[in-house]
Every structure is written in structure tokens, then in C-alpha cells.
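Me: Please take a close look at one residue and what surrounds it. Then set that residue against other parts of the chain, with the cut-offs stated.

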Amino acid sequence: MKKLTKYEIKKVFSGRGGRTALIILAAAAAVICFFACSVSYVDEQGISQSGHSAVMKLREAQKEWTGILDEETLAAAVASIREVTDTPDYNSKDIEKANIAYSRLQGVDDIRELLNHSFAEDFRTYDYFRANSLQPEDAGRFYTNRVFLLKEWLNSEAETMYSDSEKAYLTSRYEELETPFLYDYTKGWDQIFEYSNTVIMIMMLVMGVFISGIFSNESALKADSVFFTSLKGRDRAVAAKLRSGIIIVTGVYFIVMSVFSAAVLGYLGADGMNCPVQIIQWKSMYNLKIWQEFLLVIAGGYLGCLFLSSLCMLVSAKTNSTVAGAVIPFVMIFLPSFLSNLDIPALNKILGLLPDQLLQINMVFRYFNLYEVGGRIFTSLVLLFALYPVLTCILIYITYNVYVKKEIC
């Protein structure tokens, strides 16, 4: 069995198509790592810097605010912001002077973003300059504003979007969030979450190309008659094909994601892993730490790739077509993105449970996708992780039975 599995894996990567796909994947991952690690820092002269020295300077500046983000710290942050934004240089039309003023805000920039969200005009509005008009005494409303804006939105713009029980659920999740927050420099995690979905989606698209050929190549090479009439050709050999597909997906996924994560976090730093996810995603209803979101992103991406790869193998086994199987990831990734622009509540409920959501768990953290089942409220995150392991096993079982019973043409 092991020899059969190794042989199937070797067939995938010995072909020109398999090697080309791996080269494309490696090149794409390298480019994404480059952009994810691209951080700039403006020095005291207003000159923008890049490279590792810029990362270190930005980290040092933001580390000055590390600690519990209580009312005293927030008031100090507001005062620090006003000290800069009230100067003539900050409002100057001279770019150099404006950059010099901005250089003094970089350390408190992330807290400033949180202030912009907390003191927004309404739940859906964002004003980059909102923090500039705050006073230190406003700091006491920082956390209560988050709940207030949500309730106001649920009772106005979103009144018909959610049921009373769903509104109560969202409100309770906001009220249960532990405050005050622990704050730290989190640039590394911020970049990981921003670019992880791109890495995972490209990886799935590329893997779909060589995974789809595992079953269809026997027919394409006119070797199916030999395959099915050989000893164990309709049981162990088919199982070996499925096993090779799972091993390839697992190996490629974790190698790419390990390299990507290690490169970004190693370059930008892994500080802030114990901060709440709201430091990065203010409106998220998931009361988790950043390191927990990271593990869910990795697990969700793997589960999504495994499901879509299983679907690719099933389609190629059924149709004897590598192209038909390879098209599946493109359809399952890009079609939901197109349909989401229609902004139909009932459709959005369905889209929130499609497999492409697993490839972008960091985006799921931003959505309020709720489902009422048996009188209980579930988030899309819970349902995705409950549903797709079962569906993946079903697909693998069906693929095995489809190929075992396949007739030789």
C-alpha cells in the first residue's frame, strides 16, 4: 500500500505540469511574503524608510504603549495625538512638514485607529480624523461606545436583518468581551491575517491542477484497462490514489503556510499574540485572542483545501477529465465573491457557509453571519468547522466508490 501511494505521489510531481505548478506556487508565495513584510517608517526628518531597520523603529515606537489599555492610557494617547494634530506642521500643505508631524504619531497610530472606530458617528461609519477632535476626558466612553453603536445599528439600519434572538446574541457577545484590552505591537499578526487568505486561495487553485489528474490520468493515458484488471486495481490501488491526494494537500499546505508564517512573523515580530482580536478587528463578535484566531485561520484553510481537493478528485474520477476537476476551485472561490455583491440577505446566509469561507477565516471574523438551529444561535465559524469535516469524509467515500465501480470504455 505504501509503495502504491508513493508511486501515485511520484506520478503527480514527476510530470511537467506538476513541477510547473509547484514553481508557480513557490513564486507566488515568495511575492506575497515580500508584500506582507513591506513595512515603512517615517523618521524625524519626514523621510520614509523601509527594510528591517524600519520594522525595528516602528516596533520600538509602538512598544512604548504596551500594557493595559485602560482609561488613563487612552487619555494619554488622546493627549499625545492632540499635541501633534494641533500643530501647524500637521495641517501644513508642505508634504515634508506634514510627514515630520506624522512621524510623531506612528507609535500611537494603532490606538488612534481604535479611537476612530470607537467614537465613530455610527456603527458603519469610519472617519480617519475622528481621534483628532477628541479630548482626554472622552477616554471613559471608549469601551461603552462599542456596545452603544452596535445597539443603535441593530435598532435602526439593521432592524430587519436580524431576529430579536440574533440581536440579543450579538449584544451579549459584545457585552461579554473582557475589558480593558491588553495592547501591544501587533504588526506581524496584522500582516499575517491580511495576506493569509491570498496565500491559501492561490495554493488551492494551484493544487487543484495536479490533484485533478490523480484519477483522470489513467483514462487520458489509456492505461485504465491495465489499472482496473490488475491485482488490487479496484480496491487498494484506488485507496492509494485517495491517500496520495490527501498527503499531497496536507504536505503542500503545511509547508507553504509554515514558511509564510515563519517569514512574516520572523521578520515583523510575533508580539501581541495574547491581545484580543478586537485590537486588529474592532467590530469582531468573536471574543478570542490573536493566537487563537491564527490557529483557526490555519485549520480553516487546511479544511477548505482538503474539501475542495476531494471535490476535484470526485469530479475528475466521474468525468475522466483533469480540466473539469481543475475548474472546481476557480468556481467555488470566485463565484461566491461575485454573488456577494448582490447584497441579498437570504443569499448571504448561504454564501456564509460555502467552502470558500474556510479559505478566508480572517474575513469570517469580521462578519455577523448567524444561524438559528433548533432555537439556538450559531455563528458561521462554528457551523463551518462542524459541517465540512463530515462533508469531506463523504466526498472521499463517494470518490472511492465511483472509481472502484468505473467501467472501462
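Reply: A21 touches V206 and F210 when residues up to four places away in sequence are not counted; contact here means heavy atoms within 4.5 Å. The model is a predicted one, in which local features need pLDDT of at least 70 and side-chain atom pairs count only at pLDDT 80 or more, while totals for chains, interfaces and linings use all residues. Residues are numbered from 1 along each chain as its sequence is written, and side-chain values use heavy atoms, with hydrogens and water left out.

A21 sits in helix 2, residues 16-36. Helices (H or I, at least four residues) and strands (E, at least two) are DSSP runs, numbered from the N terminus. The relative accessibility of A21 is 6%, so A21 counts as buried; the cut-offs are under 20% relative accessible area for buried, over 50% for exposed and in between for partly exposed, with a 1.4 Å probe and protein chains only. A324 is 303 residues from A21 along the chain, and their C-alpha atoms are separated by 17 Å.

T5, in helix 1 (residues 2-14), can be described in the same terms. T5 is buried because its relative accessibility is 5%. Beyond four places in sequence, T5 touches A240, R243, S244 and I247. The C-alpha atoms of T5 and K241 lie 6.5 Å apart, although 236 residues separate the two in sequence.

I247 also appears in a distance from W153: the two are 94 residues apart in sequence and 47 Å apart in space, C-alpha to C-alpha. W153 is placed in helix 7. With a relative accessible area of 7%, W153 is buried. Its contacts, neighbours within four places left aside, are F123, R124, A158, E159, M161, Y162 and F368.

Helix 7 (142-154) is among the elements against which the buried residues of helix 6 pack; the others are strand 3 (67-69), helix 4 (71-85), helix 5 (95-103) and strand 4. Helix 6, residues 109-118, is mostly covered, with seven of its 10 residues buried. These are D109, I111, R112, L114, L115, N116 and S118. An α-helix has 3.6 residues a turn, so residues three or four places apart point the same way.

Strand 4 (181-183) comes after the loop that follows helix 8 (164-176), and P180 lies in that loop. The peptide bond between T179 and P180 is cis, with omega about 0°. Most residues other than glycine have a negative phi, and most peptide bonds are trans.

The backbone also departs from the usual at N320, whose phi is positive, near 60°, in a residue other than glycine. N320 belongs to the loop between helix 13 and helix 14 (322-339). At 27% relative accessibility, N320 counts as partly exposed.

N320 comes just after helix 13. Helix 13 covers residues 290-319, 30 in number, and its first and last C-alpha atoms are 43 Å apart, close to the 44 Å expected at 1.5 Å a residue; the expected span is 1.5 Å times one less than the number of residues. Since 23 of its 30 residues are buried, helix 13 is largely enclosed by the rest of the structure.

The structure holds zero disulfides, a disulfide being a pair of cysteine sulfur atoms within 2.5 Å. For C33 the closest cysteine sulfur is that of C37, and at 6.1 Å it is too far for a bond. C37 is likewise in no disulfide. Both cysteines are buried, C33 with a relative accessible area of 13% and C37 with 14% relative accessibility.

Some totals give the setting. The protein chain has 17 helices and six strands, and 50% of its 409 residues count as buried. Its C-alpha trace spans about 80 × 50 × 35 Å along the principal axes. Among contacts with a separation of 6 or more, 75% are between residues 24 or more positions apart. The chain exposes about 19,500 Å², of which carbon and sulfur atoms supply 61%; the area comes from the Shrake-Rupley method with a 1.4 Å probe.
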